Amino acid sequence: MLTAPDLLLTRSDMSDPRLYCPEKLINGARLQLGRDESHYLISVMRRREGEKVRLFNAEDGEWSAVVTAADRKQATLDVAGQLRPPAKVPDLDLLFAPVKKNRTDFIVEKATELGVRAIRPVITHRTIAGKVRTDRLRALAKEAAEQTERLDLPEIADAVQLDTCLSDWPSGRPLIFCDEAGDAPLMPDALAGLADGGVSILIGPEGGFSPEERERIRALPSSVPVSLGPRILRADTAAVAALTLFQALRGDWAARAQAREN
Ligand code: SAM
């Protein structure tokens, strides 16, 4: 169902290429794109002078702009009008232990599509992935945000050790601990008992959490251990399943969340 701000966006606007733009978006602003964006817009998307593009960022929302110089290395755009006001995703963070490169990429892309506010890689005892390339993950998240019509980019935090993350945990923020051991309540039941507000979801590495880590996570006062059902899921599947459940039951796919906002 379309909501009032979405109605400003027509079907024809939606076929215009969409670019994240960190610069201030206001009526009449003239913007010069960098080399990569110019290449994408002019050489790949084949936009010509006079054609439209959409620009967005978290502070200003989404705007229509017109190509005024179709230069493949430095295109120029004139901002023409606002299509959608800024809108936030739910206060939902994903903490995950990096896995193999293509599976980590998958997690970042799908978490962005599913509307997380922040993605935080955590290094656990059994994490086998090498150096976490945060710059690459940021580029992937930007691409996913551009194609998925969200109005902001998720924050991609630098990787931290799980121990540090737990020691610095903000008091009162639920940490939904996806624990495949089988003795935790199913995630929908556990979510039903939570007060409204932000949450973080924690997913372990391919080899699971070590027994000491599991004990430490469970000892955190705001830890909420959950099960994702009777099968052991791969870490990337578990991330998508947990985020989907949260969005459907408590996040921006949920009727009660919509009702709270209206
Ligand atoms: N223990 C296993 C091992 O030794 O390989 C499996 C770990 S699983 C591949 C990776 C992560 O996905 C787990 O640490 C957990 O966070 C999550 N996960 C997978 N299946 C789950 C389930 N049924 N319930 C809750 N979390 C699950």
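Trainee: How many nonpolar residues does the shell around the ligand have?
Mentor: This is a predicted model, in which local features need pLDDT of at least 70, side-chain atom pairs count only at pLDDT 80 or more, and totals for chains, interfaces and linings use all residues. Residues are numbered from 1 along each chain as its sequence is written, and side-chain values use heavy atoms, without hydrogens and water. Asp, Glu, Lys and Arg count as charged, Ala, Val, Leu, Ile, Met, Phe, Trp, Tyr, Cys and Pro as nonpolar, and the others, Gly among them, as polar. Besides five polar and five charged residues, the shell has nonpolar residues numbering 10.

Trainee: Which residue has a polar backbone atom 2.9 Å from a nitrogen atom of the ligand?
Mentor: A polar contact is a pair of N or O atoms within 3.5 Å. Ligand oxygen atoms lie 3.0 Å from a polar backbone atom of Gly 204 and 3.1 Å from one of Gly 207. For the nitrogen atom at 2.9 Å, the backbone partner belongs to Leu 233.

Trainee: What radius of gyration does the protein have?
Mentor: The protein comprises nine helices (H or I, at least four residues) and 12 strands (E, at least two), both being DSSP runs. The globule rule (2.2 Å times the number of residues to the power 0.38) gives 18 Å for 262 residues. The protein is as compact as a globular protein of that length, because its radius of gyration, taken over C-alpha atoms, is close to that at 20 Å.

How values were computed:
A polar contact is a pair of N or O atoms within 3.5 Å; within protein, one must be able to donate a hydrogen and the other to accept it, and residues adjacent in sequence count only if both atoms are side-chain atoms.
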